[in-house]
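Got the viewer open and a selection box ready? Load the model below and we'll walk through it stop by stop.

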Amino acid sequence: MSTLLVAPGPDLDSAFAALSDPVRRALVTRLAQGDATVGELAEPFDLTPQAISHHVGVLRRCGLVEQRREGTRRPCRLKVDQLSLLGTWIDDQRRVWDDRLDALEQHLTDDGAVR
């Protein structure tokens, strides 16, 4: 059985903390569709562009979003590789727990507790 139940590193910690906010999750969902400026990201929200900038900054600091200059525009881009690290960690944990539950089921079956 695997022993992947280790605490995530600081990058995972900050990314999961950032994604605990529903606005930031919505921004990630929007950026998964393509690059957007803060103004474009703010459109569907009842928030100021400054508030959206704050959320984008949190996502930038944890490595999920990058922002670049294109003349006067500063489009944001989702860093899919960083997001996939979160998915990999979640998948690893799921596999560990599936293995543990399978082993428990087998143990209970061997003992005759499950029929």
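What follows is a short tour, with something to select at each stop.

Before clicking, note that this is a predicted model, where local features need pLDDT of at least 70, side-chain atom pairs count only at pLDDT 80 or more, and totals for chains, interfaces and linings use all residues. Residues are numbered from 1 along each chain as its sequence is written, and side-chain values use heavy atoms, with hydrogens and water left out.

**Whole chain.** Switch on the cartoon: you'll find five helices and two strands, running α-α-α-α-β-β-α from the N terminus. Helices here are DSSP runs of H or I with at least four residues, strands are runs of E with at least two, and both are numbered from the N terminus. Now show the surface, which comes to about 7500 Å², 53% of it belonging to carbon and sulfur atoms; accessible areas come from Shrake-Rupley with a 1.4 Å probe, and for residues only the protein chains shown count as cover. Of the 115 residues, 28% are buried (buried is under 20% relative accessible area, exposed is over 50%, partly exposed is in between).

**Select His55.** This one sits in helix α4, residues 49-61. Is His55 buried or exposed? It's buried, because its relative accessible area is 11%. Leaving out residues up to four places away in sequence, His55 touches Asp21, Val23, Arg24 and Leu27, where contact means heavy atoms within 4.5 Å.

**Select Glu40.** Go to helix α3, residues 38-42. Glu40 is partly exposed at 30%, and its contacts, neighbours within four places aside, are Asp35 and Arg73. Draw a C-alpha to C-alpha distance from Glu40 to Cys76: it reads 9.9 Å, for a pair 36 residues apart in sequence.

**Select Arg77 and Asp35.** Opposite charges on side chains can pair when the charged atoms come close. The structure holds six salt bridges, each a side-chain nitrogen of Lys or Arg within 4 Å of a carboxyl oxygen of Asp or Glu. Arg77 and Asp35 form one of them, at 2.9 Å from N to O. Arg77 lies in strand β2 and Asp35 in the loop between α2 (22-31) and α3, so the pair ties together parts 42 residues apart in sequence. Both ends are partly exposed, Arg77 at 33% and Asp35 at 31%.

**Add Arg68 and Glu70.** These two also make a salt bridge, with the closest N and O atoms 2.9 Å apart.

**Select Asp91 and Arg94.** Their side chains meet in a salt bridge at 2.9 Å, N to O. Being three residues apart in helix α5, they are separated by about one helical turn. Going back to the previous two stops, salt bridges with shared partners join Asp35, Arg68, Glu70 and Arg77 into one network.

**Colour by charge.** Lys and Arg count as positive, Asp and Glu as negative, while His and the chain ends aren't counted. Patches take residues with over 30% relative accessible area and no salt bridge, joining like charges within 9 Å and nonpolar side chains (Val, Leu, Ile, Met, Phe, Trp, Tyr) within 5 Å. Each charge is placed at NZ of Lys, CZ of Arg, CG of Asp or CD of Glu.

Select Asp98, Asp99, Asp102 and Glu105 for a negative surface patch. Asp98 is in helix α5, residues 80-110, and is partly exposed at 40%. Then select Arg60, Arg61, Arg69 and Arg74 for a positive one. Arg69 is in the loop between β1 (65-67) and β2 (76-78), and it's exposed at 63%.

Key:
Buried < 20%, exposed > 50% of the residue type's maximum accessible area, 1.4 Å probe, protein only.
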